[in-house]
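I opened this entry to look up how two helices pack, what one residue touches, and what makes up the nonpolar core.

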Amino acid sequence: MRDRRVSEAVIHRLPKYYRHLQELQARGVERISSGELSVEMGFNASQIRQDFNCFGGFGQQGYGYQVSVLLREIGNILGLNRTYNMAIIGAGNIGKALARYTGFAKEGFIVKAVFDIRPEMIGRVLSGVEVAHVDTLNDYLAENPIDIGVICTQKENAQEIAEKLVQGGVKAIWNFAPIDVEVDGARIENVHLSDSLFVLSYRLANS
């Protein structure tokens with residue numbers, strides 16, 4: 001279990017390290033120093049060492065980091081050494097895109113169920129998963145363990161869906177609805193797709 005003192009900033013950098021180490025491994029790089037990694041990623045070498053030291057280091061002075069070992073260790077810290085069952089609620093454009101994205105399964109995130117409210121979507125198959133009516137969500141959760149609930153509904157329905165997910169034993173919620181949801185008993189990641197676009201707009205307007 002990770003140290004609770006690890007900052008949110010460090011936690012949010014871990015996926016970036018993981019992705020870049022995957023790229024290094026694909027290129028056949030076996031060993032890398034914090035200085036070389038800083039050039040590759042644009043991070044300060046001291047910051048990289050501090051981030052890794054939050055979890056015990058992983059490197060050897062004068063040797064650097066073995067890419068395969070570092071990739072495995074960061075993957076373990078991120079919890080990628082197990083699989084997670086996911087249920088997507090809302091089969092609109094975002095929900096369909098997430099259901100069809102094959103990269104999730106490669107990292108152990110398995111879409112087990114998709115729910116929607118529209119009659120024209122019920123019974124359709126998305127990447128091998130049949131869309132069920134959202135009215136069956138409670139019964140499904142009672143019989144099937146789901147680790148992550150993915151909310152892709154309209155904002156008016158998001159909070160209610162979040163509460164149903166928690167009541168059904170879901171411990172993590174990935175929310176794409178354009179409103180923050182708040183529930184007790186689950187970890188929540190509220191995703192606002194427009195935020196990064198607004199940041200890009202700011203940079204264009206102020207460049």
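A crossing is called left-handed if the near helix is turned anticlockwise from the far one by less than a right angle, and right-handed if clockwise. I kept in mind that the model is a predicted one.

Entry one, the helix pair. I looked up the crossing of H1 and H4 and found it to be left-handed. H1, residues 8–26, and H4, residues 67–77, pack at an angle of about 145 degrees, and their axes are 9 Å apart. On the H1 side I noted Leu14, Tyr17, Tyr18, Leu21, Gln22, Leu24 and Gln25, which meet Val67, Ser68, Leu70, Leu71, Ile74, Gly75 and Ile77 of H4. Sorted by class, this contact has ten nonpolar residues, four polar ones and no charged ones.

Entry two, Ile77. Is this residue of H4 buried, partly exposed or exposed? I put Ile77 down as partly exposed, because its relative accessibility is 27%, whereas buried would mean under 20%. Leaving out residues up to four places away in sequence, Ile77 touches Leu14, Phe55 and Phe58. For Leu14 I also looked up the separation from Ile77, which is 63 residues in sequence and 8.7 Å in space, from C-alpha to C-alpha.

Entry three, the core. The largest nonpolar core has 19 residues, and those that touch the most other members are Ile89, Phe115, Leu137, Ile151, Ile161, Leu165 and Ile173. Strands S3 (84–89) and S4 (109–116) and helices H7 (137–143) and H8 (155–167) each give two or more residues to this core, with H8 giving the largest share, four residues. I then followed Leu165, which touches Ile89, Leu137, Leu141, Gly149, Ile151, Val170 and Ile173, again not counting residues up to four places away in sequence.

Notes: Residues are numbered from 1 along each chain as its sequence is written. This is a predicted model: local features need pLDDT of at least 70, side-chain atom pairs count only at pLDDT 80 or more; totals for chains, interfaces and linings use all residues. Side-chain values use heavy atoms; hydrogens and water are left out. Axes are lines fitted to C-alpha atoms, for helices over the stretch in contact, and angles run from 0 to 180 degrees between N-to-C directions. Contact means heavy atoms within 4.5 Å. Ala, Val, Leu, Ile, Met, Phe, Trp, Tyr, Cys and Pro count as nonpolar, Asp, Glu, Lys and Arg as charged, and the others, Gly among them, as polar. A nonpolar core is a set of buried Ala, Val, Leu, Ile, Met, Phe, Trp, Tyr and Cys residues joined through side-chain atoms within 4.5 Å. Buried means under 20% relative accessible area, exposed over 50%, partly exposed in between (1.4 Å probe, protein chains only).
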